[in-house]
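Here is a walk through a single protein chain, meant to be read with the structure open beside it. Take a look at the fold, then read on.

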Amino acid sequence: MQILLLLAAAFPQGEVLVDAAVESASVQAGATIELRVGMDIPAGWHVYHPDQDSAEGITVSVEVEGAEAAGKLACDKEPRVHRETIGGKVHETLWLFGSPELTLPIKVEGPPGARTLGVEVGWQMYNESVCLAPESTFLSVSLEVLP
């Protein structure tokens, strides 16, 4: 019974919920708009901020099919800096909690008409003692490309 209680405490009570939308349902061909990705991270868990050094852990990532990234992935929340000494070396990581919103400027090219963008969001969830396997989800975002 104690083993089951320890396992339940080690894993999140829920999963990361993710949604995606564009700032406008229509866009001029060749224009740049913001893709917004919202995350809802379970209490007691965190993911690494996009500015995190990838040598220190897997960061949140956003990839788009059907449009071109036109800038850097940004986050509306400041990360919490976590410092830990391992083997005499100080490791610094940037933690995101709660419900951060990520934004990625994207450039939409091509002929006018209805378009569906594929959005892949990747992350790895951590708590003070456990790193879960990396995860990703694939979302669709619809928009109208104007001439």
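## Ground rules and overall shape

Before we talk about who stands opposite whom, one term: two strands count as paired if DSSP finds at least two bridges between them. Also keep in mind that this is a predicted model.

The protein holds one helix and 12 strands. Going along the sequence, the helix comes up front and the strands follow, in the pattern α-β-β-β-β-β-β-β-β-β-β-β-β. The C-alpha trace spans about 60 × 35 × 20 Å along its principal axes. Of the 147 residues, 40% are buried. Take the contacts between residues at least 6 apart in sequence, and 70% of them join residues at least 24 apart.

## Strand S10 and its partners

What does strand S10 (residues 101-107) pair with, and in which sense? Start with strand S3 (residues 32-40), which runs antiparallel to S10 and is joined to it by seven bridges. In that pairing, Thr-32 sits opposite Lys-107 of S10.

Two short strands also pair with S10. Strand S6 (residues 68-69) does so over two bridges in the antiparallel sense, with Ala-69 facing Ile-106. Strand S7 (residues 74-75) is antiparallel to S10 as well, again with two bridges, and here Ala-74 is the residue opposite Thr-103.

## A three-strand open sheet

Now for an open sheet of three strands, in the order S4-S9-S8 with antiparallel pairing. Strand S4 (47-48) and strand S8 (80-86) are the edges, each pairing on one side only.

S4 is tied to strand S9 (residues 89-96) by two bridges, in the antiparallel sense. If you want a spot to click on, try Tyr-48, whose bridge partner in S9 is Trp-95.

## The nonpolar core

Which residues touch the most other members of the largest nonpolar core? They are Leu-35, Val-62 and Ile-106, out of 33 residues in the core. The elements giving two or more residues to this core are strand S1 (17-22), S3, strand S5 (61-65), S10, strand S11 (113-123) and strand S12 (135-146).

Leu-35 is a good place to park the view. Setting aside neighbours within four places in sequence, Leu-35 is in contact with a long list of residues, including Ala-20, Ala-21 and Val-22. Also among its contacts are Val-62, Val-64, Leu-102, Leu-104, Ile-106, Val-119 and Val-141. Note that Val-62 and Ile-106 turn up in that list, and both also share the core's top spot with Leu-35.

## The largest pocket

About 280 Å³ of space lies in the largest pocket. S8 and S9 are the elements that give two or more residues to its lining. The lining has 15 residues, and those nearest the pocket centre are Tyr-48, His-82, Glu-84, Thr-93 and Cys-131. By type, the lining divides into six nonpolar, six polar and three charged residues.

His-82 deserves a closer look. This histidine lies in strand S8. Is His-82 buried or exposed? Its relative accessible area is 16%, and buried means under 20%, so His-82 counts as buried. Not counting residues up to four places away in sequence, His-82 touches His-91, Glu-92, Thr-93, Trp-95 and Glu-128. Thr-93 is thus both a contact of His-82 and one of the residues nearest the pocket centre.

## Two partly exposed residues

Ser-61 is in strand S5. With a relative accessible area of 29%, Ser-61 falls between the 20% and 50% cut-offs, so it is partly exposed. Leaving out neighbours within four places in sequence, Ser-61 contacts Leu-73, Glu-120, Val-121 and Gly-122. The C-alpha atoms of Ser-61 and Gln-124 are separated by 9.9 Å, with those positions 63 residues apart along the chain counted as their spacing.

Glu-109 is found in the loop between S10 and S11. At 40% relative accessibility, Glu-109 also counts as partly exposed. Apart from neighbours within four places in sequence, Glu-109 is in contact with Gly-30 and Arg-115. Glu-109 and Ala-29 are 80 residues apart along the chain, and their C-alpha atoms are separated by 5.1 Å.

Note on methods:
Residues numbered from 1 in each chain as written. Predicted model: local features only at pLDDT ≥ 70, side-chain atom pairs only at ≥ 80, totals over all residues. Heavy atoms only, no water. Helix = DSSP H or I, 4+ residues; strand = E, 2+ residues; numbered from the N terminus. Core = buried A, V, L, I, M, F, W, Y, C linked by side-chain atoms within 4.5 Å. Buried < 20%, exposed > 50% of the residue type's maximum accessible area, 1.4 Å probe, protein only. Contact = heavy atoms within 4.5 Å. 1 Å grid on protein atoms, 1.4 Å probe; cavity = no way out; pocket = protein on both sides within 12 Å on 5 of 7 lines; lining within 4 Å. Points joined across faces, edges and corners; volume = space filled by probe spheres on them. Nonpolar A, V, L, I, M, F, W, Y, C, P; charged D, E, K, R; others polar.
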